[in-house]
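Please describe how the helices of this model pack against one another and where its aromatic rings pair. A plain account with one table would be enough.

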Amino acid sequence: TEQVRYPYLMLLVSGGHCQYLVVKGFDEFTRLGGTIDDAPGEAFDKIARLLGLAQPGGPSVEKAAKGADPGRFSLPRPLLDRPGCDMSFSGLKTAVLRARDEAMVDGAVREQARSDLCAAFQSAVCDVFEEKTRRAIGLYLEGNPEVPTFCIAGGVAANGALRSRLMQLCEEEDLGFVAPPLPLCTDNAAMIAWAGIERYRGGQIDDLTLRARPRWPLDQSAAPQLGSGKKGAKA
């Protein structure tokens with residue numbers, strides 16, 4: 001939609017993935033960091049379940065967080081005390097569970113407490129992404145890109161609070177900011193079709209004898225972050 005020029009910095013953030021990638025071509029990626037456990041979309045879904053909200057969790061948590069007090073509950077900002085661009089969301093999810101249990105009254109969570117917990121969780125996620133994105137931008141700019149651009153894609157890219165925070169950061173760092181139109185953030189069919197178009201244009205045409213690979217890291221030279229199994233590296 002925006003005709004972004006290579007190389008650009010990508011934050012891929014969804015229910016199954018979370019990676020910072022320098023995209024140098026339609027099939028050339030360098031990973032700068034990513035999650036070492038839960039993907040953020042997965043964390044949003046689990047938080048929604050913990051608080052009795054509807055699935056998918058991302059829109060439900062964002063809606064509940066509007067107008068609520070993010071400072072009522074103190075939640076951690078995982079891995080901000082460590083260098084690099086890797087992230088972790090499993091401990092944050094556990095912290096929300098403990099806060100929920102402490103906030104229960106007569107075995108239930110009051111609506112205001114639920115909303116404040118959602119706001120606290122969303123704020124923590126945004127804080128982590130803001131700092132990690134700042135670090136990723138620094139690494140990306142070391143390559144002196146001709147048109148510095150930051151892109152965010154994936155289901156969690158639809159979160160308005162996250163978009164706003166990262167858009168402001170890009171303004172401060174003098175980078176272009178690009179996010180897909182909201183309907184395309186969660187349209188897997190469109191993503192797969194466009195990936196196919198890019199490869200077709202690049203001359204990658206096969207005879208349909210390729211072996212199916214359910215796990216296929218974008219940066220195949222990087223060490224797996226989530227381990228490997230019989231099906232290959234997870235990410």
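The report below covers helix packing, one loop residue, one short helix and the aromatic pairs.

The model is predicted, so local features need pLDDT of at least 70 and side-chain atom pairs count only at pLDDT 80 or more, while totals for chains, interfaces and linings use all residues. Residues are numbered from 1 along each chain as its sequence is written, and side-chain values use heavy atoms, with hydrogens and water left out.

**Helix packing**

Helices (H or I, at least four residues) are DSSP runs, numbered from the N terminus. Axes are lines fitted to C-alpha atoms over the stretch in contact, with angles from 0 to 180 degrees between N-to-C directions. The two packed pairs are set out here.

| Helix pair | Axis distance | Angle | Handedness of crossing |
|---|---|---|---|
| H4 and H5 | 10 Å | about 30° | right-handed |
| H3 and H4 | within 11 Å | roughly 160° | right-handed |

A crossing is right-handed if the near helix is turned clockwise from the far one by less than a right angle. H4 and H5 are therefore roughly parallel (angles under 35 degrees). On the H4 side, their contact (heavy atoms within 4.5 Å) includes Gln122, Cys126, Phe129, Thr133 and Ile137. On the H5 side, Ala161, Leu162, Arg165, Leu166 and Leu169 are among the residues that take part. The contact of H4 with H5 divides into 7 nonpolar, 3 polar and 6 charged residues. Here Ala, Val, Leu, Ile, Met, Phe, Trp, Tyr, Cys and Pro count as nonpolar, Asp, Glu, Lys and Arg as charged, and the others, Gly among them, as polar.

The angle between H3 and H4 makes H3 roughly antiparallel to H4 (over 145 degrees). Leu92, Val96, Ala99, Arg100 and Ala103 of H3 meet Ala113, Leu117, Phe121, Ala124 and Val125 of H4. By class, this contact of H3 with H4 has 9 nonpolar, no polar and 1 charged residues.

**Leu75 and helix H2**

Leu75 sits in the loop between H2 and H3. Its relative accessible area is 8%, so Leu75 is buried (under 20%, with a 1.4 Å probe and protein chains only). Leaving aside residues up to four places away in sequence, Leu75 touches Leu92, Ala95, Val96, Ala120 and Phe121. Leu75 and Val125 are 50 residues apart in sequence, with their C-alpha atoms 9.9 Å apart in space.

In H2, the buried residues are Gly57, Ser60, Val61, Glu62, Ala64 and Ala65. These buried residues of H2 pack against helix H1 (40–50), H4 and H5. Just after H2, Gly67 has a positive phi of about 80°.

**Aromatic pairs**

The structure holds 4 aromatic pairs (rings of Phe, Tyr and Trp, the last by its six-membered ring, with centres within 6.5 Å). In one of them, the ring centres of Tyr6 and Tyr8 are 5.8 Å apart and the planes lie at 15°, so the pair is stacked (under 30 degrees). Tyr6 is partly exposed (from 20% to 50%), with a relative accessible area of 39%, whereas Tyr8 is buried at 14%.

Phe89 and Phe129 form a tilted pair (planes neither under 30 degrees nor over 60), at 5.7 Å centre to centre and 35° between the planes. Phe89 lies in the loop between helix H2 (57–65) and helix H3 (90–103) and Phe129 in helix H4 (residues 111–141), so the pair ties together parts that are 40 residues apart in sequence. Phe89 is buried, with a relative accessible area of 1%, and Phe129 is buried, with 0%. Phe129 is also one of the H4 residues in the contact with H5.

Definitions and conventions:
Helices (H or I, at least four residues) and strands (E, at least two) are DSSP runs, numbered from the N terminus. Angles under 35 degrees count as roughly parallel, over 145 as roughly antiparallel, 65 to 115 as roughly perpendicular and the rest as oblique.
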